[in-house]
Amino acid sequence: MPPLPFVRPAAVAGRHFSTVIVGAGINGVGVFRDLALQGVDCLIVDKGDFSAGASSAPSRMIHGGLRYLESGSFALVAESTRERNLLLRNAPHLVQPLKTVVPLSSFFGGLMSSALKFFGRTPPQRTRGLLAVAAGLRLYDLLGRRQRVMPNHRIGRVQPADRRLFRSAVRWTATFFDAWISHPEWLVLELIRDACRDEPRSVATNHCRVMGCAGKTLTLRDETTGETVCVTADAVVNASGAWLDRSTALLGGVVPRVMGTKGSHLVLDHPALRDALEGRMAYFEALDGRVCIVYPFLDRVLVGSTDIPVDDPDQIATEPAEVDYLLEVLGEVFPNLAFDHSDVVYTYVGVRPLARSDADKPGQISRDHSVVVDPPSASRDVPVVGLVGGKWTTFRALAEEATDEVLRLLGRSRRASTRQLPIGGGADMPQGAQAAQRFVERIAQDSGLSPARAQALLARYGSHAWRMAQGFKVAGDVPLQHAPDYSAAELAYLCTETGVIHLDDLVIRRTLLAIRGRVTDAVLAEVAGVAALALGWDAGREHRELHNCATALRERHGVRLAPAAPDTDAAPVSPAPLTIQPALSPS
C-alpha cells in the first residue's frame with residue numbers, strides 16, 4: 001500500500017522538493033496534480049484545511065459563463081465550456097449535467113445594453129429579452145461544441161407549469177445545459193491522492209502556514225502545534241487565491257495583483273420550490289440587474305449569489321442584509337411561493353480571487369486567469385510562479401499553464417496531459433443506468449451492504465465505492481444514530497485517510513452533512529465522538545473541537561444550534577462509546 005499523501009509539517013522537516021505550492025484550493029491542487037504527472041516532486045501546504053477558502057464556497061456550478069459573452073470574453077467562454085465538458089467526462093461521479101431555464105419577459109429588451117457592455121460602456125440596467133438571450137445562447141453552443149456531451153439550447157413559449165412558477169410577465173423560456181458538482185471539496189482531495197499516486201515523493205499538509213522564504217529555504221509553521229520547520233525548493237507556486245498579495249509579500253514579490261469580491265449563497269429546505277424546478281436551474285436577473293441562480297441541490301435548494309467587494313478575505317460572513325436580498329429576489333421571480341428566514345438551513349460565502357481592476361461594478365471584472373513570475377530577488381534564490389484570478393471550472397487549464405511555466409523554470413519537459421485523465425473515483429465509472437445498477441449490485445453482493453447503502457457510496461465516491469464498502473463492512477458499517485446516511489466506519493475512514501485535523505474539516509468539508517442542513521446538536525456530538533476515537537483526542541480536545549465547530553456553524557453558516565457554552569476543558573456528556581476497526585484504504 002502506498003504511503004498516505006497527507007502528512008504533518010514535522011514529517012517534511014529538512015526535506016528538499018523541486019516545487020513547493022502555497023495554497024491547497026482547487027487551482028493549487030490542480031498544479032500539484034499536473035506537476036506530479038510530469039514526475040516533479042512537490043509539497044503543497046495551506047494555512048487552513050484543503051479547499052477551505054473559495055474552493056469550498058462556489059455556486060457548485062461547472063459552467064461556461066454565459067454572461068461573459070456580453071463583455072466580449074469569447075476565449076474565456078470557449079475555454080470554460082471545453083473544461084466543463086472535460087469534467088463531465090473525467091469526474092462523472094461528482095459532475096453532472098444541469099438543465100437550465102431562463103425566464104424571458106420581453107422581446108427586444110437588453111439589446112442596447114448588451115451592445116454597450118460589449119464595447120466597454122456601462123449601460124443602464126434592463127432585463128435581457130428573447131433576442132439578446134437567443135443570440136447569446138447560439139454563440140454559447142458554438143463556443144462549447146468541443147467535447148460536447150449535452151443538447152443545444154431551445155426557446156419556446158412558457159409552459160403552463162412554468163406560468164404558475166414564474167412571475168406573470170414571463171412569456172417565453174430559454175433552456176440550455178451546464179453542469180453542477182455535488183462535492184467540490186472531495187474532488188480536491190481526489191486530485192491530491194491521484195498526484196501522490198503518480199509521484200509518491202509528493203506530499204500535502206494542511207493547517208500549515210508559510211512564514212517566509214530566504215535563499216532556497218521556506219519556513220513553515222504547524223498551526224496546530226506552533227512548531228516551525230524548514231524545507232528547501234527549486235521553485236515556488238503561489239496559488240493562495242484571494243490571499244495572493246499577502247503571500248506574495250511574505251515571499252518578496254510584486255503586489256498588488258488581486259482583489260476580492262464575496263459571493264454569499266443560501267441553502268433552503270423548500271420542497272415546493274424544489275419540486276417546481278423539476279431538476280432544473282433557474283438562471284435569471286433580479287430587478288436590479290444582478291444575475292442570480294437557484295437549483296435543486298440534493299434534497300435542498302441552492303440560491304446564489306451576491307457580488308460584494310471585500311478587503312480582508314479572513315473577515316467575511318454572510319450578512320443578514322445578503323440573506324434578506326436573496327430571499328427578496330426569490331419572491332420577485334417566484335411570486336406564487338412564500339419564502340422566509342426559517343427556510344434557510346445553511347449559508348456560506350467565499351471570496352472570488354479576481355485580477356485587480358478599476359471596473360465600476362464587481363460583475364464587470366473579468367473572471368479570466370493569468371500566470372505571473374517573480375524572479376529570484378536579493379533575499380530569495382528561487383522563482384515564484386503566481387496564479388492570478390481564475391474560476392472553479394477552468395482549474396485544469398490554469399494548472400496546465402502554470403505547470404508549463406514551472407517546467408520551463410526547472411528545465412524539464414511536459415511528458416503527459418491531464419486533459420483526458422479521469423479524476424479519483426471517476427475512473428472506470430459505469431456508463432449508463434443499467435451499468436450503474438449492475439455495479440451497485442456487485443458492491444452490495446461483495447460487501448454484504450444493502451443496495452441502498454451501496455448506491456449512496458457510489459454517488460459519493462464513484463468507482464472507489466467498491467473497495468471502500470468492503471473496508472466499511474470489515475469495520476462494522478453501523479449507521480450513525482442521528483445521521484444514518486453515514487456510518488461510524490465511514491467517518492473514521494475520512495478522519496484517518498484524508499488529513500482531518502479539526503472537527504469542522506470533517507463536518508463541513510469531508511461530508512455533506514453541513515451543507516444539507518443535517519447538523520443538529522445531537523449529530524455534532526455523535527460525529528465528534530467518532531472523530532475523537534479515530535484520531536485519539538482526549539476529552540478536553542474533543543470538547544474544544546465540538547465548541548469550535550459549533551461556533552463556526554452558528555456564526556459563519558447560520559446553522560441553528562444550541563447557544564454556545566463556555567469553552568472550558570471540562571468534558572461534555574458524550575454518547576455511548578463506539579468501537580471502530582480500521583477501514584481498508586481505496587488506494
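Which residues does S56 touch, not counting residues up to four places away in sequence? In this predicted model, the answer is S51, E185, Y348 and R509. S56 sits in the loop between β2 (42–45) and β3 (61–62). Its relative accessibility is 14%, so S56 counts as buried, the cut-off being 20%. Two backbone oxygens face its side chain. That of S51 lies 3.1 Å from a polar atom of the S56 side chain. The backbone oxygen of G53 also lies 3.1 Å from a polar atom of that side chain.

The protein as a whole comprises 17 helices and 18 strands. Of its 587 residues, 58% are buried. Contacts often span long stretches of chain: among those between residues at least 6 apart in sequence, 72% join residues at least 24 apart. The mean pLDDT is 89, and 90% of residues reach 70 or more. Residues 569–587 are an exception to that level, with pLDDT under 50 throughout. The model has 40 contacts beyond four places in sequence for this segment. Where pLDDT is low, the predicted coordinates should not be read in detail.

Two helices, α16 and α17, were examined in turn. Helix α16 covers residues 521–535, 15 residues in total. From its first C-alpha to its last it reaches 21 Å, close to the 21 Å expected at 1.5 Å a residue. Its buried residues are V523, L524, E526, V527, A528, G529, V530, A531 and A532. They pack against α14 (488–497), α15 (503–510) and α17 (539–557). Just after α16, G536 adopts a positive phi of about 75 degrees.

The N-terminal end of α17 is capped by D538. A side-chain oxygen of D538 lies 3.2 Å from the backbone nitrogen of G540. The end C-alpha atoms of α17 are 26 Å apart; this agrees with the 27 Å that its 19 residues should span at 1.5 Å a residue. Buried positions in α17 are G540, E542, H543, E545, L546, H547, C549, A550, T551, A552, L553 and H557. The cover over these residues includes β16 (344–355), α15 and α16. As after α16, a glycine with positive phi follows the helix. Here the residue is G558, at about 65 degrees.

A second buried polar site centres on D374. This residue belongs to strand β17 (residues 369–374). With a relative accessibility of 5%, D374 falls under the 20% cut-off and therefore counts as buried. Its side chain makes a polar contact of 3.0 Å with the side chain of R257. Leaving aside residues up to four places away in sequence, D374 touches T248, G253, V254, R257, R380, P383 and V384. R257 thus appears both as a contact of D374 and as its polar partner.

Internal voids were also searched for. The whole structure holds 4 cavities of 30 Å³ or more. The largest cavity has a volume of about 60 Å³. Its lining is formed by R33, E83, L86, L87, N90, F395, R396, T418, L421 and I423. The elements giving two or more residues to this lining are α2 (74–90) and α10 (395–410). Helix α2 supplies the largest share, 4 residues.

Technical notes
Residues are numbered from 1 along each chain as its sequence is written. This is a predicted model: local features need pLDDT of at least 70, side-chain atom pairs count only at pLDDT 80 or more; totals for chains, interfaces and linings use all residues. Side-chain values use heavy atoms; hydrogens and water are left out. pLDDT is the predictor's confidence in each residue, from 0 to 100. Contact means heavy atoms within 4.5 Å. The expected span of a helix is 1.5 Å times one less than its number of residues. Buried means under 20% relative accessible area, exposed over 50%, partly exposed in between (1.4 Å probe, protein chains only). A polar contact is a pair of N or O atoms within 3.5 Å; within protein, one must be able to donate a hydrogen and the other to accept it, and residues adjacent in sequence count only if both atoms are side-chain atoms. On a 1 Å grid over the protein atoms alone, a cavity is a set of points where a 1.4 Å probe fits but cannot get out, and a pocket is an open set with protein on both sides within 12 Å along at least five of seven lines; lining residues have an atom within 4 Å of a point. Grid points are joined across faces, edges and corners, and a volume is the space filled by probe spheres set on the points.
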